Amino acid sequence: MSQNLYPRATEYRVKSGSRATLELTIQDSAGTAKSLSNTVTYSTGVWKVWKPDGTLIINGAITYSDRANGKVSYALSATDTAVANAGNWEGEVELKNSSGTMIEQTQSFNFTIEESY
């Protein structure tokens with residue numbers, strides 16, 4: 001069962017089967033793009049999307065596309081956008097340091113996978 005838990009300022013809407021590359025700008029509390037240039041502090045990251053019961057639909061490594069301007073991206077795979085995953089979900093990006101410890105989470109965003117006919 002899909003569910004839109006809360007309206008969010010950021011929303012991604014893709015069709016099932018999509019292989020789009022999604023981009024997100026990491027911001028500080030003032031809404032300014034955050035520099036992710038420190039590769040020890042911001043070593044890796046994960047793009048996560050889950051169902052209301054906590055089942056992860058997407059749990060994939062991000063790419064730092066423009067560290068100085070806080071931009072990260074994630075390329076959707078066939079598994080991510082399978083028709084079985086269609087629905088309205090919630091997601092976030094987790095940033096990890098060089099030790100693999102999560103040091104920051106983005107605000108949640110809406111993530112919709114629409115069935116494609």
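In the predicted model, I103 is in contact with T41, Y42, L95, K96 and N97, when neighbours within four places in sequence are left aside. I103 belongs to strand β8, which covers residues 102-105. The relative accessible area of I103 is 36%, a value that falls between the 20% limit for buried residues and the 50% limit for exposed ones, so I103 is classed as partly exposed. Not every part of the chain lies close to this strand residue: the C-alpha atoms of I103 and T81 are separated by 28 Å, with their positions 22 residues apart along the chain.

Y42, one of the contacts of I103, is placed in the loop between β2 and β3. Its relative accessible area is 9%. Because buried means under 20%, Y42 counts as buried. With residues up to four places away in sequence again set aside, the contacts of Y42 are K34, S35, L36, Y64, R67, L95, K96, I103 and E104. L95 and K96 thus appear in the contact list of Y42 and also in that of I103. From Y42 to K15 the C-alpha separation is 31 Å, for a sequence separation of 27 residues.

S35, a further contact of Y42, lies in the loop between β2 and β3, where Y42 is also found. Beyond four places in sequence, S35 touches Y42, R67 and A68; R67 is likewise in contact with Y42. The C-alpha atoms of S35 and D66 are 8.9 Å apart, although 31 residues separate the two in sequence. S35 has a relative accessible area of 40% and is therefore partly exposed, whereas Y42 in the loop between β2 and β3 is buried.

Two other serines were examined in loops elsewhere in the chain. S16 is located in the loop between β1 (11-15) and β2. With a relative accessible area of 11%, S16 is buried. The contacts of S16 outside its sequence neighbourhood of four places are T81, A82, V83, I113, E114, E115 and S116. Of these, I113 and E114 fall within the range of β9 (109-114). S108 occupies the loop between β8 and β9. At 23% relative accessibility, S108 counts as partly exposed, because the buried class is limited to values under 20%. The C-alpha atoms of S108 and V49 are 9.4 Å apart, while the two residues are 59 apart along the chain. V49 falls within the range of β3 (44-50).

The largest pocket holds about 360 Å³ of space. Its lining consists of 15 residues, and T10, T25, Q27, T106 and Q107 are those nearest the pocket centre. Strands β2 (21-25) and β8 (102-105) each contribute at least two residues to this lining. By residue class, the lining comprises nine polar, four nonpolar and two charged residues.

At the level of the whole protein, nine strands and zero helices are assigned, and the order along the sequence is β-β-β-β-β-β-β-β-β. Among contacts between residues at least 6 apart in sequence, 66% join residues at least 24 apart. The radius of gyration is 14 Å, which agrees with the value near 13 Å for a compact globule of 117 residues. The C-alpha trace spans about 45 × 25 × 25 Å along its principal axes. Of the 117 residues, 38% count as buried; S16 and Y42 are in this class. The accessible surface comes to about 6,400 Å², and carbon and sulfur atoms account for 46% of this area.

Note on methods:
Residues are numbered from 1 along each chain as its sequence is written. This is a predicted model: local features need pLDDT of at least 70, side-chain atom pairs count only at pLDDT 80 or more; totals for chains, interfaces and linings use all residues. Side-chain values use heavy atoms; hydrogens and water are left out. On a 1 Å grid over the protein atoms alone, a cavity is a set of points where a 1.4 Å probe fits but cannot get out, and a pocket is an open set with protein on both sides within 12 Å along at least five of seven lines; lining residues have an atom within 4 Å of a point. Grid points are joined across faces, edges and corners, and a volume is the space filled by probe spheres set on the points. Helices (H or I, at least four residues) and strands (E, at least two) are DSSP runs, numbered from the N terminus. Ala, Val, Leu, Ile, Met, Phe, Trp, Tyr, Cys and Pro count as nonpolar, Asp, Glu, Lys and Arg as charged, and the others, Gly among them, as polar. Buried means under 20% relative accessible area, exposed over 50%, partly exposed in between (1.4 Å probe, protein chains only). Contact means heavy atoms within 4.5 Å. The radius of gyration is taken over C-alpha atoms; the globule rule is 2.2 Å times the number of residues to the power 0.38. Accessible areas come from the Shrake-Rupley method with a 1.4 Å probe; for residues, only the protein chains shown count as cover.
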